[in-house]
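Okay, everyone, thanks for coming. Let me put the structure up on the screen, and then we can walk through it together.

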Amino acid sequence: MKKVLFYTAIFAIIALCLQPVAQLRSSESCPEETADASATEHDTSDSNTSGTGTTTVTDAVEPEETASASSTTYATAYTETTAAVQQGALSDYYFRGSIFGANGNLLLFTEGQQRHANTDYDVAFANLLSDASAVKLDTVLGPSDYRTSKTPALLRQANPTAFYPDGYHPIGQSVMLTMDEQLQRTAYEYLESRGIKGCIVKMRGDGAIRIAASYPSFSHNAQVSGTSNALANPRDAFNNQCFTAMQPGSVFKILSATVAVKNNMTSFDDPGIIGNWKVENWDYATGSGQYPVRRDIASAISNSSNCVFATVAYDLGANRFLTELDTLFCFSSSMSIDGVTVTQTADMRTNANLARCGYGQKVSVSPVYMTAAALGAASTGEMVQPYLVDKTYDTLLCTPLQSLGKKQVLSTIPEAYTQQLRQGMLAVSENLGLHKDGCSVLSKTGTAAVNHSGYTDFMSIISVITNDATGESEAVMLVVQNPDDFGYRYASNFKNNMQDLIDLLM
């Protein structure tokens, strides 16, 4: 909170220096509201599949602070031109207010005509907030064409306490995110220190996104000052992987298992290999499994059988399988997360592709979507809408205005469809040694065959953690996009990293 008070003091000093140009109005009363604190496996199929996608975000043009990730310098891109300042009656054009983390620390703010990041959280949040990023949450919440756009521009609505950061333009209200800025930085620094290229998502059971850390990233402030450029940053630094569609691998079996039970598909003869589809179980390939074997859904999850879930998708058929995914998990519907759009797709054009969709090899989903789906199936019984914005804030006084974040249920997932799934996920946690005192931990691993940046696999682990006393749930997902650098063949090899995250972040 010291940083909040520091920046508040800076705003106040600037405002006094600009008088009488910046006439401060008396503060309007604001509703008082406190800040919300409130088994091993491997998928073996062909790697000639679509890899990652990008989030869908409107690329609005900002007169004062826009940046292009392809620019070689950003010194002027974040500054409104003199001509624009002098044009017409601009006193009704609001500069964007600030963005705060859930603990009340400033993340992004306007000073003069430039957009600056709090240096403590700059890099950890840049590929989510900055105009130079692919997600551009700062632009999404405050588009420059807000006066004609149908999309609400939270950051450009009049702030109750008037302030003119450049002496001409009034400042808009601010927002507080659901994201814990300290945990976000901890998660980012963990990925960086371990050399893990990928991302970490943490989500509450009501859909509030607490962490969306993606490594590598970049410095927003370096872009503003012109001391950095896109070419000087690592590949994918500008793209937050948490919101990027990619093949999930076997974590997608969480959805397929739920669909299977709903359709009374609960017992299977597992051959270990289905040659005409080139589908093979990991332990068949290594010779460590005994086949054929009879399995239920719990066994198929704990042993991560590709053959079982390929059979589920194929036997249901493309139309029925997709319809069930839509009914339970809103799969085909694009999901707008406070203006940041993520999409899910599946390639079911051939029988082999349809079969692979069953175990997550021909589908494309974002880690944020996957985390929400896992929470619903493994704990809450509800597919909820993820969200990032918790409330609006007075930019100058740093006091809450209106609560915005709330749980939105998109679909229900009856517990009868998920009991065997949960048994299997509990077995995975026990096999991997994942635990948290006083909580139930249900996990699933996944390896997706891809061809991305020279890597052949993406690996992930997701854990849904429910407090035994309160029943409240959260989930954390780790995605590793450079497992070859560690010499790992299976996602389960990252079990120690996952336990680190449970200890650090949950």
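So, let's start with the cysteines: the structure holds 0 disulfides, where a disulfide is a pair of cysteine sulfur atoms within 2.5 Å. C307 is buried at a relative accessible area of 2%, and C330 counts as buried too, at 14%. Buried here means under 20% relative accessible area, exposed means over 50%, and partly exposed is in between, with a 1.4 Å probe and protein chains only.

Before I go on, a word about what you're looking at. This is a predicted model, so local features need pLDDT of at least 70 and side-chain atom pairs count only at pLDDT 80 or more, while totals for chains, interfaces and linings use all residues. Residues are numbered from 1 along each chain as its sequence is written, and side-chain values use heavy atoms, with hydrogens and water left out.

Now the overall picture. The protein has 15 helices and 21 strands; those are DSSP runs numbered from the N terminus, helices being H or I with at least four residues and strands being E with at least two. Of the 506 residues, 61% are buried. About 18900 Å² is exposed, and carbon and sulfur atoms supply 49% of that; the areas come from the Shrake-Rupley method with a 1.4 Å probe, and for residues only the protein chains shown count as cover.

Let's zoom in on one helix, α14, residues 419–432. How far apart are its end C-alpha atoms? They are 20 Å apart, which agrees with the 20 Å that 14 residues should span at 1.5 Å a residue; the expected span is 1.5 Å times one less than the number of residues. Several α14 residues are buried, including L421, M425 and V428. Right after α14 comes G433, with a positive phi near 75°.

R422 lies in α14 as well. Is R422 buried or exposed? R422 counts as buried, at 19% relative accessibility. Its C-alpha atom is 9.6 Å from that of I297, although the two are 125 residues apart along the chain.

For contrast, go to D484, in the loop between β21 and α15 (495–505). D484 is partly exposed, with a relative accessible area of 36%. D484 and D457 are 27 residues apart in sequence, and their C-alpha atoms are 7.8 Å apart in space.

Last topic: the holes. Rolling a probe the size of a water molecule over the atoms shows where empty space is left. A cavity is a set of points, on a 1 Å grid over the protein atoms alone, where a 1.4 Å probe fits but cannot get out, and lining residues have an atom within 4 Å of a point.

The largest cavity has a volume of about 70 Å³, that being the space filled by probe spheres set on the points, with grid points joined across faces, edges and corners. It is lined by 14 residues, and M246, Q247, P248, S460 and M477 lie nearest its centre. β20 gives the largest share of that lining, 3 residues. By class, the lining has 10 nonpolar, 4 polar and no charged residues; Ala, Val, Leu, Ile, Met, Phe, Trp, Tyr, Cys and Pro count as nonpolar, Asp, Glu, Lys and Arg as charged, and the others, Gly among them, as polar.

The second largest cavity has a volume of about 50 Å³. Which helix gives the largest share of its lining? That's α3, with 4 residues.

Definitions and conventions
1 Å grid on protein atoms, 1.4 Å probe; cavity = no way out; pocket = protein on both sides within 12 Å on 5 of 7 lines; lining within 4 Å.
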